[in-house]
Every structure is written in structure tokens, then in C-alpha cells.
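Me: I've got this model open on my screen and would like a close look at one part of it, the inside. Could you walk me through it slowly, with the pieces around it as you go?

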Amino acid sequence: MNTDKGIHEELLYSYINGYATDAQIEEVMQWARENPENMKELETLRRLNDESIWNTGIDMEKSHGQVRKSALRRFALWSMAASVVLLAGFSLSLLFFGKARHNAPISVHAPLGQRTELTLADGTLVWLNSGSRLDVDEGFNRDVREVNLDGEAYFSVTENAEKPFVVRTKSYSVKVLGTEFNVSSYSNVPEWSVSLVKGKVEIFGGNDVNVILSPNMKAEEIGGKLVTSEFSDYDALLWRKGILSFEDASFSDIFSKLETYYQVSFKVEDSEILERHSTCKFMTSDGIDCIMDILLMGENLSYEFDIDERVIRVR
């Protein structure tokens, strides 16, 4: 990377990976706006970062936590600082996998504005969304396969007919044998939902609720009741790749999602603003300032971000 452009590459890597402070995010955005070449370079680095995270393989037995040499060669243009970031990103999955082998209790948390991918002891893949926590009790995969979720997660469950996989949440539990599905159940958000991609799941809980979902179906809690419907908005699951996707969504829904991701609150000058709709996609690593700049573009609206109070005022 060119170092004569008025910004340190370590700062760019912090921004791309979601570690930058609000002040640092503003510094990066100001640098990107100064020159189209700066914005192009930022976009290139961001795409390389996402590709490296999703395509870099890890050999548990041979590498002992090191990124494969072939992957390092592919991204030789990255500095040593970038390599440290990539290794740190994988360390959580490695640590979890190693402990899970010994049936120790584990708690994994995805920081705000970031996502975490991990592999359970039975081979099940889990993607944790921003601000989510997954707890695995002692003895997982010994007699049963049960996990507790607070937040949103996508599961690709390893099939085992003798040991059903159960996800317990604040409202209901989801039982499967081998399938792929998305669960959204944040403790501080009233909504609850399950979207089934493959296989079959059983939802059970209070008041003798027992619902079976087939592929391309969704169950969500509305007015205290579990309601099922068809599911086709697979863009909503792009968060696994660090993408927030909205299809003709109201500003009210978009603001609500951003509040969950970035631990901010929105104050609007006119309630009419909340009724506006938008179809858009954002990289979560862009940061809240960049997202707001794009979202409000052409809307004849402005915003102010009170960093101390974590409040965004839209007018």
C-alpha cells in the first residue's frame, strides 16, 4: 500500500476488520473522499480481506493455528500487520475447537459490528452475527448436542440420528438432525425467528408449541404467537459474509437493525422519516458513519452522531 496518502495502513486494516474507533472511522472516510483512487484502494483491500477470511483454510493437526502457506502466498501483498489480523480472526475458532474436544463448557461472543465463524466438536459449522453469544455446556456431543443462543446464528448441522441437535433460545427451542437454518433471538430485541434453508426442524417451547418446518419456510413470533410463512429472502442471510441487505425495508426496520449491530440509538425529527423505504446493501465493516452517508444519499436528510451518547439524530 502507498504510505504517502496521509493514512497508516494499520488504521485501514482496523477499519476493514471492524476494530476502528468512531474517530478512526471518520478519519478513514475523510481520506477515502479526498481522492477516487483512495476509495478504489479501500474497496480493493476490503474485498481481499473478505475473500481471505472465507477462503483461507486451516489445518488443525499440521498447522497448529497457522494460516496455510498457500493462502499467505495468495495474499503476499498484505503486510505483516494484516497477517496478524487474519490470524487473530481465526484464533477464536481454533481455541473453541480444541476445548470442545475435551467437553469443557464454552462461551463464544461476536463483538458488535463483527461476525464469528466456528466449528463445534461434532463438525457442525456456526456463524455468529454481531453482538451474539453461543454457550455450549460441558459434555456437548457426549450424550446430547445442545447449545444456548442469545442473538443470531446460522447453523450447518452435522447429521447424527442418535444425537439430535438442539438450539435453546429465550422463547423456543429448535431441534434438528442435520440441516441448515438461521435463528434470530436477541434477548434485548422482541423479535424471534427461524428460517430453514435445508432439511427439517422442530420448534417447541411454552404452551405446548410444536411446529415442524420444511425447507424455504420461516417461523416468527408475532403477538406472542408462532406464525409460519414461506421464506425466499436469502439476501437476509448475507450477514454471514459481512453484508447487511435490505429489500424495500422501512427506515424504521433499517434503523432497528443498525441499532442492534452498532449499539446506537436513533432519534428522528419527523416520524415520516421512519416510513420511508429503501433497498440497499452495506458491508458491516464500513462502519455506521459510512452506512448513514449512503443510506441518506438523495433523501434530503442529514444526521448527527453523538459519539459519547451513541445517539444518531436524523433530520
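How many residues does the largest nonpolar core have, and which residues have the most contacts inside it?

Reply: Sure. Bear in mind that this is a predicted model, so everything below describes a prediction. The largest nonpolar core has 32 residues. Inside that core, the residues with the most contacts are Leu-134, Phe-155, Phe-181 and Ile-203. Strand β5 gives the most to this core, with four residues. A second core, of 29 residues, lies apart from it, and Leu-237, Phe-266, Ile-273 and Phe-305 are among its members. As a general point, nonpolar side chains in soluble globular proteins tend to be buried together.

For some background on the whole chain, there are eight helices and 18 strands. Of the 315 residues in the protein chain, 47% are buried. If you take the contacts between residues at least 6 apart in sequence, 48% of them join residues at least 24 apart.

Now to strand β5, which covers residues 145-156. Ten of its twelve residues are buried, so you can call this strand mostly covered. What does β5 pair with? Let's take the partners one by one.

Start with β3, residues 125-128, which runs antiparallel to β5 and is joined to it by four bridges. In that pairing, Trp-127 stands opposite Tyr-154 of β5. Next comes β4, residues 133-136, again antiparallel to β5 and again with four bridges. There, Asp-135 has Asn-148 in β5 as its bridge partner.

With β6, residues 165-168, β5 runs parallel, and four bridges join the two. To find this pairing on screen, look for Arg-145, which stands opposite Phe-165 in β6. Finally, β8, residues 180-185, runs antiparallel to β5 with six bridges between them. Ser-156 is a good place to look here, since its bridge partner in β8 is Glu-180.

That brings us back to Phe-181, one of the core residues with the most contacts. Leaving aside neighbours within four places in sequence, Phe-181 is in contact with Ala-153, Tyr-154 and Phe-155, among others. Its list also includes a run of valines, among them Val-157, Val-167, Val-174, Val-176 and Val-194. Ser-195, Leu-196, Val-197 and Val-201 are on that list too.

Let's follow the contact with Ser-195, which sits in strand β9, residues 193-198. Is Ser-195 buried or exposed? Ser-195 is buried, because its relative accessible area is 5% and the cut-off for buried is under 20%. Beyond its neighbours within four places in sequence, Ser-195 is in contact with Phe-181, Asn-182, Met-217, Lys-218 and Phe-231.

Val-201, also on the Phe-181 list, takes us on to Ile-212 in strand β11, residues 209-213. Ile-212 and Val-201 are eleven residues apart along the chain, and their C-alpha atoms are separated by 5.8 Å. Outside its neighbours within four places in sequence, Ile-212 is in contact with Lys-200, Val-201 and Glu-202. With a relative accessible area of 42%, Ile-212 counts as partly exposed, because that class runs between the 20% and 50% cut-offs.

Further along the chain there's a helix worth a look. Helix α8, residues 288-295, is mostly covered, with six of its eight residues buried. Those six are Ile-288, Asp-289, Cys-290, Ile-291, Met-292 and Leu-295.

What does α8 pack against? Helix α7, residues 251-262, packs with α8 at an angle of about 170 degrees, and their axes are 12 Å apart. That angle makes the two helices roughly antiparallel to each other, because the cut-off for that label is over 145 degrees. On the α7 side, the contact is made by Phe-251, Ile-254, Phe-255, Leu-258 and Tyr-262. On the α8 side, Ile-288, Ile-291, Met-292 and Leu-295 make it. Sorted by class, this contact has nine nonpolar residues, no polar ones and no charged ones.

One last stop is Cys-280, in strand β16, residues 277-283. Cys-280 is buried, with a relative accessible area of 13%. Leaving aside neighbours within four places in sequence, Cys-280 is in contact with Leu-244, Ser-245, Phe-246, Ile-254 and Leu-295. You've just met two of those: Ile-254 of α7 and Leu-295 of α8 both take part in the helix contact. As for Ile-291, its C-alpha atom is separated from that of Cys-280 by 10.0 Å, with their places eleven residues apart along the chain.

Note on methods. Residues numbered from 1 in each chain as written. Predicted model: local features only at pLDDT ≥ 70, side-chain atom pairs only at ≥ 80, totals over all residues. Heavy atoms only, no water. Buried < 20%, exposed > 50% of the residue type's maximum accessible area, 1.4 Å probe, protein only. Pairing = 2+ DSSP bridges. Core = buried A, V, L, I, M, F, W, Y, C linked by side-chain atoms within 4.5 Å. Contact = heavy atoms within 4.5 Å. Axes fitted to C-alpha atoms, helices over the stretch in contact; angles between N-to-C directions. Parallel < 35°, antiparallel > 145°, perpendicular 65-115°, else oblique. Nonpolar A, V, L, I, M, F, W, Y, C, P; charged D, E, K, R; others polar.
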